[in-house]
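This report considers the nonpolar core and the aromatic pairs of a single chain, working from a predicted model. The structure is shown below.

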Amino acid sequence: MKKLKTVILCAAAMSSGLIVEDIKGVANKMNVEVDIECFASLRFKNYDYSNLDIVILAPQVKSQESNIRKYLEEKNLALPIYIIPMRDYGLVRGEKILKDVLQIIESHKKEE
């Protein structure tokens with residue numbers, strides 16, 4: 001079973017809860033053990049990224065990507081960042097989001 005530890009950074013850590021629940025619901029059938037939570041992106045410097053596999057951004061906070069990436073680099077954390085497409089976010093497509101995330105993690109591992 002694959003293991004995934006991640007966070008969704010979003011505007012208020014509310015609507016992304018639907019995404020978290022959907023991902024948790026499909027993860028088992030995809031043979032993935034998921035540890036996922038939401039966190040408000042405005043407080044991104046208060047989060048502990050040290051044990052994550054990837055950082056996920058909700059589409060409404062994608063403008064913060066460069067600041068978050070810079071912060072991670074300053075902390076020597078080479079984590080990939082995935083921005084959820086607006087359509088997948090709005091339609092709560094947890095399975096598609098999880099597949100995308102796993103693919104990005106695999107690609108990132110190959111680059112290392």
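The largest nonpolar core holds 38 residues, and the members that touch the most others are Ile8, Leu9, Tyr49 and Val55. Two or more residues are contributed to this core by each of β1 (2-10), α1 (16-27), β2 (32-40), β3 (54-57), α2 (65-74), β4 (81-83) and α4 (94-111). In general, nonpolar side chains of soluble globular proteins tend to be buried together.

Leaving aside residues up to four places away in sequence, the contacts of Ile8 include Ile19, Val20, Ile36, Phe39, Ile56 and Ile84. Ser16 is also among the residues that Ile8 touches. Ser16 belongs to helix α1 and is buried, because its relative accessible area of 0% falls under the 20% limit. With the same sequence neighbours left out, Ser16 touches Ile8, Cys10, Cys38, Ala58 and Tyr89.

The table gives the separations for two residue pairs.

| Pair | Separation | Further value |
|---|---|---|
| Ser16 and Glu37 | 8.8 Å between C-alpha atoms | 21 residues apart along the chain |
| Phe44 and Tyr71 | 5.6 Å centre to centre | 85° between the planes |

Across the whole structure, 4 aromatic pairs are found. One of them, Phe44 with Tyr71, is edge-to-face. Phe44 sits in the loop between β2 and β3 while Tyr71 is in helix α2, so this pair ties together parts that are 27 residues apart in sequence. Both Phe44 and Tyr71 are buried. Ring pairs join these two residues with Phe39, Tyr47 and Tyr49 in a cluster; Tyr49 is also one of the core residues with the most contacts to other members.

Terms used
Residues are numbered from 1 along each chain as its sequence is written. This is a predicted model: local features need pLDDT of at least 70, side-chain atom pairs count only at pLDDT 80 or more; totals for chains, interfaces and linings use all residues. Side-chain values use heavy atoms; hydrogens and water are left out. A nonpolar core is a set of buried Ala, Val, Leu, Ile, Met, Phe, Trp, Tyr and Cys residues joined through side-chain atoms within 4.5 Å. Buried means under 20% relative accessible area, exposed over 50%, partly exposed in between (1.4 Å probe, protein chains only). Helices (H or I, at least four residues) and strands (E, at least two) are DSSP runs, numbered from the N terminus. Contact means heavy atoms within 4.5 Å. Rings of Phe, Tyr and Trp (its six-membered ring) pair if their centres lie within 6.5 Å; planes under 30 degrees apart count as stacked, over 60 as edge-to-face and the rest as tilted.
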